Amino acid sequence: MKKLINRPADVVKEELEGIALAYPGLVKVHFEPNFIYRADAPIPGKVAVISGGGSGHEPMHGGFVGVGMLDAACPGEVFTSPTPDQMLEAAKMVHGGAGVLYIVKNYTGDVMNFEMAADMARAEGIRVLNILIDDDVAVKDSLYTAGRRGTGTTVLAEKICGAAAERGYDLKRVADLCRRVNINGRSMGMALTPCTVPMAGKPTFELAEDEMEVGIGIHGEPGRERMKLKTADEITEMLALAIIEDPPYRRTVREWDEEKAEWVEVELEDPPFRPGDPVLAFVNSMGGTPDIELPIVYRKLHEICTKKGLKIVRNLIGRYITSLEMQGVSITLLRMDDEMIDLWDAPVKTPGLRWGM
Amino acid sequence: MTITRSEELTITTKELLMCLHKMAEVLEANREYLTSLDAAIGDADHGINMDRGFKAVLAKLPSVEDKDAGTILKTVGVALVSTVGGAGGPLYGTAFMQAGMAVAGKYELEPQDVLAALDAALKGVVMRGKANLGDKTMVDALTPAVNALRRALENGSGLTEALEQAAAAAEQGMKDTIPMLAKKGRASYLGERSIGHQDPGATSSYLLIRVMADVARELQTQQEP
């Protein structure tokens with residue numbers, strides 16, 4: 001293992017110490033329990049948008065804390081869900097009296113920890129809603145699995161919902177918007193190389209020099225297929241078509257019903273893409289893939305979208321949701337509407353995403 | 001330990017604390033083993049997480065060592081929930097918290113209390129994780145263990161023998177996860193590729209039940225002339 005670290009056990013702590021020193025006007029860091037939060041929080045009357053997850057996906061989530069995006073982010077150990085005490089303390093620190101939205105990626109650990117945190121926060125009188133992001137089309141069904149994983153759409157949901165909260169949307173409206181972003185977003189990723197969790201010291205899986213894993217998860221979970229390496233155009237086509245031709249996806253998710261005051265099963269369906277849909281096209285490096293290769297993927301993605309009648313109205317290209325040093329790429333397409341476009345364009349100022357201010 | 005009737009031992013809070021220390025030792029010793037099982041079908045952190053969690057438990061125990069068994073177990077649960085992370089944190093945390101609620105206020109645990117605590121722990125895991133028997137999870141080790149414990153106590157076995165049977169059932173349950181197709185957690189994404197691997201959560205559950213049986217036997221042996 002070759003990494004720029006001191007001791008494997010100190011990686012997350014020292015990362016957070018560095019972030020606190022690097023962006024003092026923008027974010028603050030709370031230790032034990034660990035969370036990053038907006039320097040100007042709490043903002044009275046504003047819905048607080050909080051996310052979190054295992055570390056190792058930087059800049060997500062901590063890099064998206066700031067004006068117009070997240071109020072707080074809870075980093076777990078590398079690839080391990082954070083714990084309810086972090087999420088609870090983050091909520092108490094940043095909520096401005098208008099409630100808290102937890103944006104949760106659909107992984108068993110994250111879902112359970114955020115549900116426990118929401119229960120604990122409500123017990124302390126804070127209004128909380130949890131919305132899941134489950135957009136990874138590499139997982140085909142939810143009957144025999146824990147359901148689709150939360151990947152690229154998470155970044156887009158955090159930006160759009162953060163902008164909505166900044167504009168003064170109430171909690172229910174921000175949560176409904178988040179759910180709408182989720183059901184309109186689809187992603188798929190692939191890996192050229194594995195990655196090494198610092199505490200484990202060796203790669204999470206093995207790939208031969210001429211092999212790739214298509215449909216990889218952001219923690220190195222296996223995807224749909226391991227196959228011989230192909231060209232950028234062929235890989236892009238595989239990912240893009242899996243997304244564009246994905247049939248309607250139905251599943252039930254657990255959400256908090258404020259009227260009944262209990263967790264309820266909600267049925268959701270992702271409508272498939274259709275010619276004429278305006279989309280945001282997001283090409284993301286898994287961490288180790290350099291910037292020079294991303295436009296090559298975008299170029300082909302643009303061609304395929306055009307051929308399929310999808311109109312790319314916005315794009316995002318870069319390193320936003322990563323798997324440590326893994327080489328590979330993920331593609332996300334989000335069907336946009338005017339409200340989402342408007343919120344996407346709204347000013348944002350975070351360490352990881354910044355425009356308009 | 002005190003012998004009340006024929007072979008019927010009760011567990012004092014001091015012995016409960018000893019059992020928790022032993023659990024931490026065993027999880028530390030099996031850190032690499034559990035992590036390697038998790039690397040095969042999960043995300044290679046189960047041993048690391050459980051070891052970190054039980055080290056946090058050990059740090060908390062001195063503050064509750066003169067408290068009742070319920071308080072001790074709830075403290076263990078809260079420590080696990082706030083340090084383990086992943087799915088193991090909420091699941092084991094809920095298990096210990098529910099077990100603690102089942103024996104709240106007690107300073108000595110009768111065999112029926114041990115059963116009530118383990119049964120509550122299992123119900124807590126099922127409630128939190130929504131897993132069914134056969135999904136290749138902790139539930140596959142815990143369910144047969146609780147059933148075996150109940151059956152043995154009903155048939156008049158002492159606690160030591162009943163826990164031995166529970167550990168044997170948990171071990172079998174753990175091994176039975178090998179041919180199963182995972183339907184919960186990260187392993188479920190492997191589909192068919194999850195077959196042939198032993199579930200790490202079922203394995204850590206077996207290890208903890210094994211510690212309980214070993215501690216009971218040790219206490220029994222100490223007591224016998």
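Okay, so A:Ala191 sits opposite A:Glu213, the latter in β8 of chain A. That pair belongs to strands β7 (residues 185-191) and β8 (residues 211-214) of chain A, which run antiparallel and are joined by two bridges. When I say strand or helix, those are DSSP runs, numbered from the N terminus: H or I with at least four residues for helices, E with at least two for strands. And strands count as paired if DSSP finds at least two bridges between them.

Before I go on, the housekeeping. This is a predicted model, and local features need pLDDT of at least 70, side-chain atom pairs count only at pLDDT 80 or more, while totals for chains, interfaces and linings use all residues. Residues are numbered from 1 along each chain as its sequence is written, with chains lettered from A and ligands numbered from 1 in the order in which they are written.

Back to that sheet. What is the strand order? Reading across, the open sheet goes β9-β8-β7-β14-β12-β13 in chain A, six strands with mixed pairing. β9 (225-228) and β13 (311-318) of chain A are at the edges with a single partner strand each, so one side of each has no neighbour in the sheet. From one strand to the next, the twist averages 20°; for angles, axes are lines fitted to C-alpha atoms, for helices over the stretch in contact, and the values run from 0 to 180 degrees between N-to-C directions.

Now the helices on it. α4 of chain A lies across β7, β12 (278-285) and β14 (328-335) of chain A, at about 45° to β14(A). Helix α6 (residues 232-244) of chain A also packs on the sheet: α6(A) touches β7, β8 and β14 of chain A, and its direction makes about 150° with that of β7(A). Touching, or contact, means that the C-beta atoms of two residues, placed from the backbone, lie within 7 Å.

On to the other six-stranded sheet. The order here is β1-β2-β4-β3-β5-β6 of chain A, again open and mixed. β1 (27-30) and β6 (128-133) of chain A are the edge strands, pairing on one side only.

Look at β5 of chain A, residues 100-105. Strand β5(A) runs parallel to β6(A), with six bridges between them. A:Val100 has A:Val128 as its bridge partner in β6(A), and A:Ile103 has A:Ile131. With β3(A), β5(A) pairs in the parallel sense over four bridges, and there A:Ala48 stands opposite A:Val100.

So is β5(A) buried or exposed? Six of its six residues are buried, so β5(A) is largely enclosed by the rest of the structure. Buried means 20 or more other C-beta atoms within 10 Å of the residue's own; exposed is 12 or fewer, partly exposed is in between, and C-beta atoms are placed from the backbone. A:Val100, A:Tyr102 and A:Val104 point one way, A:Leu101, A:Ile103 and A:Lys105 the other, and yes, that buried set includes the lysine.

Two helices to show you here. Helix α1 (residues 11-22) of chain A lies across β1, β2 (35-38), β3 (48-55) and β4 (72-78) of chain A, at about 145° to β1(A). Helix α5 (residues 171-184) of chain A touches β3, β5 and β6 of chain A, and its direction makes about 10° with that of β6(A).

Zooming out to domains. The bounds, from an automatic or database domain assignment, give domain 1 of chain A as 13-185 + 248-267 and domain 2 as 187-244 + 274-335. Their C-alpha centres lie 24 Å apart. The contact takes 22 residues from domain 1 of chain A and 26 from domain 2 of chain A. On the domain 1 side, α4 (153-166) and α5 of chain A are the elements giving two or more residues, and α4(A) gives the most, with four residues.

Chain A overall: eight helices and 16 strands, and 58% of the 357 residues count as buried.

Last, chain B. How many residues of chain B are in contact with chain A? 25 of them, against 27 residues of chain A. Five helices of chain B give two or more residues each to that side: α2 (31-41), α3 (46-60), α4 (69-83), α5 (88-102) and α6 (111-129). The largest share, three residues, comes from α4(B).
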